[in-house]
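Colleague: I should be grateful for an account of this structure in which each term is justified as it is used. May I begin with one of the helices?

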Amino acid sequence: MNARPDTIYALSSGTPPAAIGIIRVSGPLAAGALAALAGRVPQPRRASYARLRHPKSGDLLDHALILFFPGPRTATGEDLCELHVHGGRSVVAAVLEALSTVPGLRAAEAGEFTRRAFENGRIDLTEAEGIADLLTAETESQRRSALAMAGGALSREIRGWQEQLLAIAAQVEAEIDFSDEGDVGAESAERWRPALAELERDVARALKRPSAERLRDGIRVVIAGPPNAGKSTLMNALAGRDVAITSPLAGTTRDSIEAPVSLGGYPFILIDTAGLRESQDMIEAIGVERAEAHLEAADVILWLGKPDDRPSGPRIIRISAKSDIAPFEPGADLAVSALGGEGLDRLLALLIEISAGMLPAEGEVAINRRHREAFSHAAESLKNAAHESDLLLVAEELRQVRLHFDRVTGQSGVEDMLDALFGRFCIGK
Ligand SMILES: Nc1nc2c(ncn2[C@@H]2O[C@H](COP(=O)(O)OP(=O)(O)OP(=O)(O)O)[C@@H](O)[C@H]2O)c(=O)[nH]1
Ligand SMILES: [K+]
Ligand SMILES: [Mg+2]
């Protein structure tokens, strides 16, 4: 970073018009910006009323609430101020324009406030990721996991591991020094091995955590079966809206249709597919191929065919469909009438029960691909260390483990991913 960073500003609240608009200014000139527009800098961390005037023309822009937060104990780690103005389009535009005339100020880029928080050590990388996830969270389970991550749940855990690692490494180093002096007793040696094994277990357990990608994109529920089984009707019933065309004609659905839905606070992607049959129709045949590909990638399959014909897959709910007019299929898990509503509640409950195991529990964080990669490298090095007898090599493996942990929290080797991460944020965050 520069010795003296730019002072940046942006509208941090939602798109106008709105009741209020909150404009944030961060950087060494934040107080100066307040002085330029409000004529004074208020007492730290106290909201106060001010008339905002254009610094050049002196025109009255708005009546506002202003706040000043002196760094470094602020959201960005810098001097920070907020202008709570009326959220009309032209009010916000006028105040932003006025700020642009203050020398040394410039408009913030997407995610730049959060990036400064990271660069100034206010948050680590996992917390920044948690904030990014929180901004896009649409379901309860996404919000809970993102909140835990943003609140530092994963950082705290890694900090704990780093401490254990440090203690182990110190003992290994001490043994290396002793063995140089040639007086190490074999039985006093290697007391650190159990601690190493424990750390290895902890990291292995973390690797089994639910995937953040699945949490973000939803659990893939594929509705499949022969033509006219009632798949699209069930899709519409579960989605609560008319997503797919239904009709008495077999072969109505020819392409797959996806609908993201939130059920019981969990994110799902419902996928309706073409009825599985040998078809002479080329387009329908392609649809059937797609259906089979979806079945391969499904997290859960809702099977509406004969229970014995079911495809192989991890989790299958065999549904005896059209229970209002059709007899129960022996071997099915439950009877459902998508039109009449019978069995829909039980199906929903079953889906949610299955999903609960795939998504993070209360207070637990899901880990993303980046975390997973670093953790599996760390696990690999921990394993190598555990099987190594040469203490110098053990020490080297432990050093590698530390670097992998550092990568997760952003202490090292992450420059390449920072732009990608902070680019996910909107301007003003
Ligand atoms: N009585 C009754 N009819 C149903 C039910 N579900 C679907 N149907 C009817 O069955 C017919 C076929 O339903 P679809 O939902 O189009 O079946 P599909 O499996 O998507 O059919 P394809 O896309 O052609 O493979 C339609 O006429 C629906 O109204 C149900 O629960 N009860
Ligand atoms: K049909
Ligand atoms: Mg259909």
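Modeller: Certainly. This is a predicted model. In helix 11, the buried residues are Leu347, Leu351 and Ser355.

Colleague: How do you know that the buried residues of helix 11 line one face of the helix?

Modeller: Seen down the axis of helix 11, the buried residues fall within an arc of 70°, so they line one face. In general, an α-helix has 3.6 residues a turn, so residues three or four places apart point the same way. On the other side of helix 11, Asp345 and Glu353 are exposed.

Colleague: What do the buried residues of helix 11 pack against?

Modeller: They pack against strands, among them strand 7 (219-224), strand 8 (257-263), strand 9 (266-272) and strand 10 (300-303). Strand 11 (316-320) and strand 12 (334-335) also belong to that list.

Colleague: How are these strands arranged, and what is the order of the sheet?

Modeller: Six strands form an open sheet in the order 8-9-7-10-11-12, and the pairing is mixed.

Colleague: Why are strand 8 and strand 12 called edge strands?

Modeller: Strand 8 and strand 12 each pair on one side only, and this is what the term records.

Colleague: What makes the pairing mixed?

Modeller: Both senses occur. Strand 7 pairs with strand 10 in the parallel sense over four bridges, and strand 7 pairs with strand 9 in the parallel sense over five bridges. Strand 8 and strand 9, by contrast, pair in the antiparallel sense over seven bridges. Two strands count as paired if DSSP finds at least two bridges between them, so these pairs qualify.

Colleague: Which residues stand opposite each other in these pairs?

Modeller: Ala224 has Trp303 in strand 10 as its bridge partner. Val222 stands opposite Ile271 in strand 9, and the bridge partner of Ala259 in strand 9 is Leu270. The hairpin of strand 8 and strand 9 has two residues between the strands, and in it Gly264 takes a positive phi near 55°.

Colleague: Why is strand 9 described as largely enclosed by the rest of the structure?

Modeller: Six of the seven residues of strand 9 are buried, so the strand is largely enclosed.

Colleague: How does this region relate to the division of the chain?

Modeller: The chain is divided into domain 1 (7-123), domain 2 (130-210 + 366-410) and domain 3 (214-357). The C-alpha centres of domain 1 and domain 2 lie 41 Å apart. An unreviewed UniProt entry carries the annotation "domain: TrmE-type G" for residues 218-356. That span is 27% helix and 22% strand, and its end C-alpha atoms lie 12 Å apart.

Colleague: Turning to helix 2, how do you know that its length is close to what is expected?

Modeller: Helix 2 (residues 89-100) has 12 residues and reaches 17 Å from its first C-alpha to its last, close to the 16 Å expected at 1.5 Å a residue.

Colleague: Which residues of helix 2 are buried, and which are exposed on the face turned away?

Modeller: Val91, Val92, Val95, Ala98 and Leu99 are buried. They cover an arc of only 125° around the axis, which puts them on the same side of helix 2. The face turned away from that side carries the exposed residues Arg89, Ser90, Glu97 and Ser100.

Colleague: What makes Asn228 and Arg45 worth noting?

Modeller: Asn228 has a positive phi of about 65° although it is not a glycine, and Arg45 has a positive phi of about 55° although it is not a glycine either. Most residues other than glycine have a negative phi, and most peptide bonds are trans. Asn228 lies in the loop between strand 7 and helix 9 (231-239), whereas Arg45 lies in the loop between helix 1 (30-38) and strand 3 (48-53).

Colleague: Why is Asn228 called buried or exposed, and why Arg45?

Modeller: A residue is buried if 20 or more other C-beta atoms lie within 10 Å of its own, and exposed if 12 or fewer do. Asn228 has 21 other C-beta atoms within 10 Å, so it is buried. Arg45 has 11 C-beta neighbours inside 10 Å and therefore counts as exposed.

Colleague: Where are cis peptide bonds found?

Modeller: One joins Pro16 and Pro17, with omega about 0°. Pro17 lies in the loop between strand 1 (7-11) and strand 2 (20-26). The peptide bond from Gly71 to Pro72 is also cis, with omega near 5°.

Methods:
Residues are numbered from 1 along each chain as its sequence is written. Chains are lettered from A and ligands numbered from 1 in the order in which they are written. This is a predicted model: local features need pLDDT of at least 70, side-chain atom pairs count only at pLDDT 80 or more; totals for chains, interfaces and linings use all residues. UniProt positions are given in the numbering used here, feature names are shortened, and annotations may be inferred rather than shown by experiment. Domain bounds come from an automatic or database domain assignment. The arc is that of the directions from the helix axis to the C-beta atoms. Two residues are in contact if their C-beta atoms, placed from the backbone, lie within 7 Å. The expected span of a helix is 1.5 Å times one less than its number of residues.
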